[in-house]
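This briefing goes through the strand and helix arrangement of one chain, topic by topic. Please keep the sequence and the 3D view open while reading.

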Amino acid sequence: MINSYAGLDDAGVAIAAARAGADVLRTRYGQRLSRIEKGAGDFATAADVEAEQAILGVLRAARPGDAVLGEEGGQQGAADAARQWLVDPLCGTLNYAVGNMLVAVNVALRDRAAAVADPFSGEVFCTDGETAWVRQDGVDARLTPTPATQLVDVNLDPPFPSAPGFRAVDLLAHPGFVERFRPRVVSTTLALAWVAAGKRAAYVTDGGDLTGSVHFAAGIALCRAAGCVVTGIDGAPTGPAGRGLVVAGDAETHGLLMSMIRGRG
């Protein structure tokens with residue numbers, strides 16, 4: 001059998017893998033799905049597991065020597081491997097489980113290529129690590145961030161590791177935020193992809209180092225390649241000592257958000 005993935009570059013592999021996962025989610029959407037409880041209110045569904053298996057099938061065929069960290073299957077291969085794929089087969093599981101289509105499929109080769117697929121719009125947001133584009137119906141368009149929408153997604157999901165120094169809800173109540181921006185809560189990596197695409201002005205979330213997270217790595221890679229301003233909630237570069245994310249379409253928007261977060265706006 002001919003391996004149809006063998007000749008793809010890393011971005012092509014990420015796109016093919018994300019699409020494979022998205023195909024499963026479209027097929028399974030609206031069906032009665034069994035749940036796999038993870039504790040603390042978190043769970044996966046059969047669709048999460050099946051989508052991850054489809055993604056892994058592409059990665060194993062295309063890059064059999066690479067390590068993989070999957071949201072559902074865990075670590076496969078050395079955790080410190082030079083090439084490691086980070087996979088979140090269904091970002092927005094709760095949305096999906098209740099019939100909300102705001103979900104994404106995330107596939108990222110750490111510090112390199114990445115893809116975020118929207119199973120229902122057909123868009124695949126992609127990067128080769130240097131440039132970023134969106135592919136839809138076989139057509140590629142360069143991602144161009146802009147703060148024009150003034151829409152800012154703020155992640156309100158617990159836990160809140162930076163409290164009391166930072167609480168997302170406090171940002172939403174900040175007079176300057178209400179005056180300048182309009183809050184949105186998407187609860188999926190699409191929020192980051194939309195900043196890269198100019199559909200959102202910014203995105204803010206609490207957390208630790210998110211650069212190696214299966215939930216965030218692909219979106220961060222997209223935003224960096226598109227030219228967004230990407231830092232932690234403390235304004236410091238993202239990385240091992242990082243805290244959350246503030247991703248903005250331009251420096252002015254990022255600066256305004258940082259001033260509000262620091263309580264000076």
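**Salt bridges and overall layout**

Arg83 and Asp10 form a salt bridge through their side chains, with an N to O distance of 2.9 Å. The two residues are 73 positions apart and join distant parts of the chain: Asp10 belongs to helix H1, while Arg83 sits in the loop between strand S4 (74–76) and strand S5 (84–91). In total, the structure contains 11 salt bridges. The model is predicted. The points below cover an open sheet of 8 strands, an open sheet of 5 strands, and the helices that pack around them.

**Helix pair H1 and H2**

- Helix H1 (residues 10–28) and helix H2 (residues 46–62) have axes that come within 8 Å and cross at roughly 155°.
- Because angles over 145 degrees count as roughly antiparallel, H1 is roughly antiparallel to H2.
- The crossing in which H1 passes H2 is right-handed.
- On the H1 side, the contact is made by Val13, Ala16, Ala17, Ala20, Gly21, Val24, Leu25 and Arg28.
- On the H2 side, the contact is made by Ala46, Ala47, Glu50, Ala51, Ala54, Ile55, Val58, Leu59 and Ala62.
- Sorted by class, this contact of H1 with H2 comprises 14 nonpolar, 1 polar and 2 charged residues.

**Sheet of 8 strands**

- The strands of this open sheet follow the order S4-S3-S5-S6-S7-S8-S9-S10, and their pairing is mixed.
- S4 and strand S10 (139–142) are the edge strands, each paired on one side only.
- From one strand to the next, the twist averages 15°.
- Strand S3 (residues 67–70) runs parallel to S5, and 4 bridges join the two.
- Within this pairing, Val68 stands opposite Trp85 of S5.
- H2 packs on the sheet and touches S3, S4, S5 and strand S6 (104–109).
- The direction of H2 makes about 150° with that of S5.
- H6 also packs on this sheet, where it touches S6, strand S7 (114–117) and strand S8 (124–127).
- The direction of H6 makes about 70° with that of S8.

**Helix pair H6 and H7**

- Helix H6 (residues 190–197) packs against helix H7 (residues 217–226) at an angle of about 10°, and their axes lie 8 Å apart.
- Because angles under 35 degrees count as roughly parallel, H6 is roughly parallel to H7.
- H6 contributes Leu192, Ala193, Val195 and Ala196 to the contact.
- H7 contributes Gly219, Ile220, Leu222, Cys223 and Ala226.
- By class, the contact of H6 with H7 consists of 8 nonpolar residues and 1 polar residue, with no charged residues.

**Sheet of 5 strands**

- This open sheet has the strand order S12-S11-S13-S15-S14, again with mixed pairing.
- Its edge strands, which pair on one side only, are strand S12 (182–184) and strand S14 (229–231).
- The twist averages 15° from one strand to the next.
- Strand S13 (residues 202–205) pairs with strand S15 (residues 245–248) in the antiparallel sense, over 4 bridges.
- Tyr203 stands opposite Val247 in S15.
- Helix H8 (residues 251–261) lies across S13, S14 and S15, and runs at about 145° to S15.

Definitions and conventions
Residues are numbered from 1 along each chain as its sequence is written. This is a predicted model: local features need pLDDT of at least 70, side-chain atom pairs count only at pLDDT 80 or more; totals for chains, interfaces and linings use all residues. Side-chain values use heavy atoms; hydrogens and water are left out. Axes are lines fitted to C-alpha atoms, for helices over the stretch in contact, and angles run from 0 to 180 degrees between N-to-C directions. Angles under 35 degrees count as roughly parallel, over 145 as roughly antiparallel, 65 to 115 as roughly perpendicular and the rest as oblique. A crossing is left-handed if the near helix is turned anticlockwise from the far one by less than a right angle, and right-handed if clockwise. Contact means heavy atoms within 4.5 Å. Ala, Val, Leu, Ile, Met, Phe, Trp, Tyr, Cys and Pro count as nonpolar, Asp, Glu, Lys and Arg as charged, and the others, Gly among them, as polar. Two strands pair if DSSP finds at least two bridges between them. A salt bridge is a side-chain nitrogen of Lys or Arg within 4 Å of a carboxyl oxygen of Asp or Glu.
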